[in-house]
Amino acid sequence: MAAQHPSSADTLPVIDLSPMLGGVAQDKVAVGLALREACEHTGFFYVSGHGIDPALIQRVFAQSQQFFAQPMDAKLETDKAQSKANRGYEKLGGQTLEPGMPPDLKEGFYIGEELAADHPNVRAGRFNQGPNQWPAQLPDFKLAMQDYYTAMLALSERIMAGLALSLELPEDFFADFCTDPMCTLRLLHYPPQPEQPLPGEKGCGAHTDFGGITILLLDDKPGLQVWNARDESWIDAPPIPGAFVVNLGDMIARWTNDLYRSTLHRVINTSGAERYSVPFFYSGASAHEVRCLPGCLVAGEVPKYPATTVEQHLQDMYRRTYA
Ligand SMILES: O=C(O)CCC(=O)C(=O)O
Ligand SMILES: [Fe+2]
């Protein structure tokens, strides 16, 4: 059914998730079918009907803009280099997502689950677990981010339930994966693309996301592009008011033996203005075993990837871009 595959002239599908919030079984199955189509072909789609309060989104953007507008010495009070759990501020050029290219033209702020320094997991030095660093000068920042983090957890569970249905698995198949999940909320700020960029310089180099699913909140600026392997071209993924972009990470590709894709994407901020985005990376329970799911092997196929755990997988992937 080649006609259903996106070409570069196509846009990414918009999937209405509202049936996942207490809808009838038949409508949920329809969501599962729409997700399957999107996941098999692009690994990227928009979701509407997600139930996230627009006022919460406004609070997050307002705090993010205030954070990045601060002088550098104020931002560096929460320098990520001080954190054993990768929390806090990352300077412009602090990450190179596309190997061999100039560093990314973005600055960021990383937030995760709040765990005290004396929590057993933190004492044991578990990957990405620990306290956050909160900016002292912004009194409303912490609560806005924690409220948004909680809202993203709930939305992630609904999307995981939809993905289970898409694979003809019971809706609660991922319940164990969704218990006490590892997540990262990341605030990003992209200055305008320079008029004379270095060769290959971008806001965010081409990459796939490492984890489970990513829920991406965009402001009103374009710049995100998604790789379309079929005709080897980039599809623009402009912001759609009221919708989030969702994409699959490498863990889902591993789980489904590449039936579902983790798709390359990049950002070039040619809007001429500041661009802000807020990805939320949902990766599931750290000890959860990731192995090829039932039903994802076509007759005679063998799993392409050995089983691993969420924690091990994330650690392996993380090392690659901060080498
Ligand atoms: O800013 C964006 O639109 C995309 C960000 C992204 O891909 C990422 O942080 O992994
Ligand atoms: Fe990404």
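I began with the shell around ligand 1 in this predicted model, and I noted that strand 12 supplies its largest share, namely four residues. Sorting the shell residues by class, I found eight nonpolar, three polar and three charged.

Next I looked up which of the 14 residues around ligand 1 come nearest, and I wrote down Arg186, Tyr190, His265, Arg275 and Ser277. For Arg186, I noted a polar side-chain atom 2.7 Å from an oxygen atom of ligand 1, and for Tyr190 I also entered 2.7 Å between a polar side-chain atom and an oxygen atom of the ligand. For His265, the corresponding entry is 3.0 Å, again to an oxygen atom of ligand 1. I then checked how much of the ligand is covered, and the protein takes up 98% of the 300 Å² of accessible area that ligand 1 has on its own.

Where does ligand 1 sit? I found it in the largest cavity, and I listed strand 5 (181–190), strand 7 (213–218), strand 11 (265–267) and strand 12 (275–285) as the elements that give two or more residues to its shell.

I turned afterwards to the largest pocket, whose volume is about 550 Å³. Its lining has 34 residues, and those nearest its centre are Asn128, Met182, Cys183, Thr184 and Leu314. Strand 5 gives the most to this lining, with five residues.

My last entry concerns the second largest pocket, with a volume of about 370 Å³, where Ile57, Leu217, Leu218, Pro241 and Gly242 are the closest to the centre among 19 lining residues. Helix 2 contributes the largest share of that lining, five residues.

Conventions: Residues are numbered from 1 along each chain as its sequence is written. Chains are lettered from A and ligands numbered from 1 in the order in which they are written. This is a predicted model: local features need pLDDT of at least 70, side-chain atom pairs count only at pLDDT 80 or more; totals for chains, interfaces and linings use all residues. Side-chain values use heavy atoms; hydrogens and water are left out. A residue is near a molecule or strand if one of its heavy atoms lies within 4 Å of it. A polar contact is a pair of N or O atoms within 3.5 Å; within protein, one must be able to donate a hydrogen and the other to accept it, and residues adjacent in sequence count only if both atoms are side-chain atoms. Accessible areas come from the Shrake-Rupley method with a 1.4 Å probe; for residues, only the protein chains shown count as cover. On a 1 Å grid over the protein atoms alone, a cavity is a set of points where a 1.4 Å probe fits but cannot get out, and a pocket is an open set with protein on both sides within 12 Å along at least five of seven lines; lining residues have an atom within 4 Å of a point. A molecule sits in a cavity or pocket if more than half of its atoms lie within 2 Å of its grid points. Ala, Val, Leu, Ile, Met, Phe, Trp, Tyr, Cys and Pro count as nonpolar, Asp, Glu, Lys and Arg as charged, and the others, Gly among them, as polar. Grid points are joined across faces, edges and corners, and a volume is the space filled by probe spheres set on the points.
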